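Biologist: I have a model here that I would like to walk through with you. Could you take my questions one at a time?

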Amino acid sequence: MLTIDRIRLREIRLPLREPFEISSGTVSQRRICLAEVTSSDGAVGWGEAVTDALPNYSPETIDTVWLAVRQWIAPRLLGRTLVGPQDVHDSLASGIQGHLMAKAMIEMACWALTAEREEIPLAKLLGGTRRSVATGISIGIQSDPAALVDRARQAGESGYRKIKVKIRPGADHAFIAAVRDALGAEAHLMADANSAYTLDDADHLAGLDTFDLMMIEQPLGQDDLVRHAALQRRLATPICLDESITGLERAQDMVALGSGRIINIKPGRVGGFTASLRIHDFCEDAGVAVWCGGMLETGIGRAHNVALASLPNFTTPGDLSPSARYWERDVVTPEWTMDGEGMVAVPWGEPGLGVAVDRARIEELTIRTELLGG
Ligand code: OSB
Ligand code: MG
């Protein structure tokens with residue numbers, strides 16, 4: 001049984017070590033919403049929203065997350081007794097449309113709280129099996145191909161198992177060609193467009209087929225499952241959907257329509273772990289590869305992602321870079337690290353998140369806080 005007594009929301013500001021540019025915008029300092037959920041027996045679980053300041057990746061922002069939790073999500077959950085974290089997703093499904101990132105933050109905090117309380121690793125609670133997870137890097141748009149090649153080379157040398165390059169019209173073929181040329185035929189390369197193209201660009205995108213990419217992620221708009229299907233028919237490169245997959249039904253639609261062949265599961269985007277597990281299991285049955293994406297999370301969101309990526313059907317390296325790729329100093333101890341083979345250890349020896357939340361560090365970064373319930 002799980003009774004949620006209170007939820008503390010926090011906004012922290014955390015500068016990235018270097019700006020991260022995608023087709024729809026650049027972020028230099030992250031605005032991150034964290035939630036600390038406390039149960040009636042005093043257990044605590046942390047959640048992190050995958051939003052930022054602007055609605056460029058999805059309609060949600062840190063401010064809509066805050067509003068949705070305060071106005072609709074917290075009142076639905078506070079003081080209610082649930083059988084367990086498995087119930088949170090469906091409890092929030094009816095009567096609150098959308099706001100999946102806000103729901104995910106709270107839902108995932110409830111799973112972390114339960115793992116903490118049962119003194120088992122979050123990975124185990126979720127049904128994970130891997131001792132370590134393979135990681136890839138996501139490299140933002142660079143000023144020119146030579147700068148991108150530098151980054152990609154460094155990444156390859158540090159052990160990353162997959163190199164994802166952000167693209168947009170005007171920064172695509174020449175950039176990818178340069179990286180393929182520099183890293184050789186064996187390198188595991190992919191591109192992520194974050195919806196920067198339209199179906200009119202089909203021939204242009206088919207030109208990427210010669211670079212033997214593992215996949216091209218989200219070339220078209222979030223709602224464009226039908227157009228993605230038309231595009232996939234014209235590409236040899238598999239399409240991977242990110243923004244479009246907001247739950248199990250969209251994953252089923254992708255398969256039914258042929259809109260893509262691979263799914264980037266971000267638990268923070270699909271409404272949390274329950275939805276992620278449903279998508280994972282469906283894809284396993286359907287023979288669709290999945291991998292765990294990232295949203296420049298702190299060590300808290302990273303703990304959630306690493307735990308999820310330990311499930312068996314996460315067969316492709318995730319965007320699970322170590323803390324030092326993003327921050328001067330993370331908000332957890334120990335920080336997340338990666339070995340020379342591109343593997344991140346799943347903390348099986350520790351209960352809950354598997355890392356300690358550094359409260360003093362978080363306090364220092366906090367801009368605002370609000371206590372709901374209690
Ligand atoms: O599309 O995967 C994406 C970051 C911000 C917004 C969208 C995306 C990303 C990333 C970052 O690719 C991956 C990471 O966390 O390292
Ligand atoms: Mg993406």
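Modeller: Gladly; this is a predicted model, and our talk goes from the ligand site to the cores and then to some backbone details.

Biologist: Let's begin with ligand 1. What share of its accessible area does the protein cover?

Modeller: Ligand 1 is surrounded by 15 residues, and the closest are S138, N194, K266, L296 and Y326. A polar side-chain atom of D242 is 3.1 Å from an oxygen atom of the ligand. On its own, ligand 1 has 390 Å² of accessible area, and the protein covers 96%.

Biologist: Which kinds of residue make up the shell around ligand 1, and how many are charged?

Modeller: For K266, an N or O atom of the side chain is 2.9 Å from an oxygen atom of ligand 1. Y326 places a polar side-chain atom 2.6 Å from a ligand oxygen atom. The shell has 5 nonpolar residues and 3 polar ones, while the number of charged residues is 7.

Biologist: Is D319 buried or exposed, and which side chain does its own side chain make a polar contact with?

Modeller: D319 sits in strand 12 (residues 318-319). Its relative accessible area is 6%, under the 20% cut-off, so D319 is buried. Beyond its sequence neighbours within four places, D319 is in contact with residues including S138, R302 and Y326. Its side chain makes a polar contact, at 2.7 Å, with the side chain of K164.

Biologist: Which helix gives the most to the largest nonpolar core?

Modeller: In soluble globular proteins, nonpolar side chains tend to be buried together. Here the largest nonpolar core has 92 residues, and I279 and I300 are among those with the most contacts inside it. With 6 residues, the top contributor to this core is helix 12 (residues 299-309).

Biologist: How many residues are in the second, separate core?

Modeller: Among the members of that core are I4, A35, L82 and V88. The second core has 32 residues.

Biologist: On to the backbone: is N194 buried or exposed?

Modeller: N194 lies in the loop between strand 7 (189-192) and helix 7 (202-206). Phi of N194 is near 45 degrees, a positive value in a residue other than glycine. Because its relative accessible area is 6%, N194 counts as buried.

Biologist: And which two residues does a cis peptide bond join?

Modeller: Most peptide bonds are trans. This one has an omega of about -10 degrees, and P334 lies in the loop between strand 13 (332-333) and strand 14 (343-345). The cis bond joins T333 and P334.

Technical notes:
Residues numbered from 1 in each chain as written. Chains lettered and ligands numbered in written order. Predicted model: local features only at pLDDT ≥ 70, side-chain atom pairs only at ≥ 80, totals over all residues. Heavy atoms only, no water. Core = buried A, V, L, I, M, F, W, Y, C linked by side-chain atoms within 4.5 Å. Buried < 20%, exposed > 50% of the residue type's maximum accessible area, 1.4 Å probe, protein only. Helix = DSSP H or I, 4+ residues; strand = E, 2+ residues; numbered from the N terminus. Near = heavy atom within 4 Å. Polar contact = N/O pair within 3.5 Å; in protein donor to acceptor, adjacent residues only side chain to side chain. Areas by Shrake-Rupley, 256 points an atom, 1.4 Å probe, with all protein chains shown as cover. Nonpolar A, V, L, I, M, F, W, Y, C, P; charged D, E, K, R; others polar. Contact = heavy atoms within 4.5 Å.
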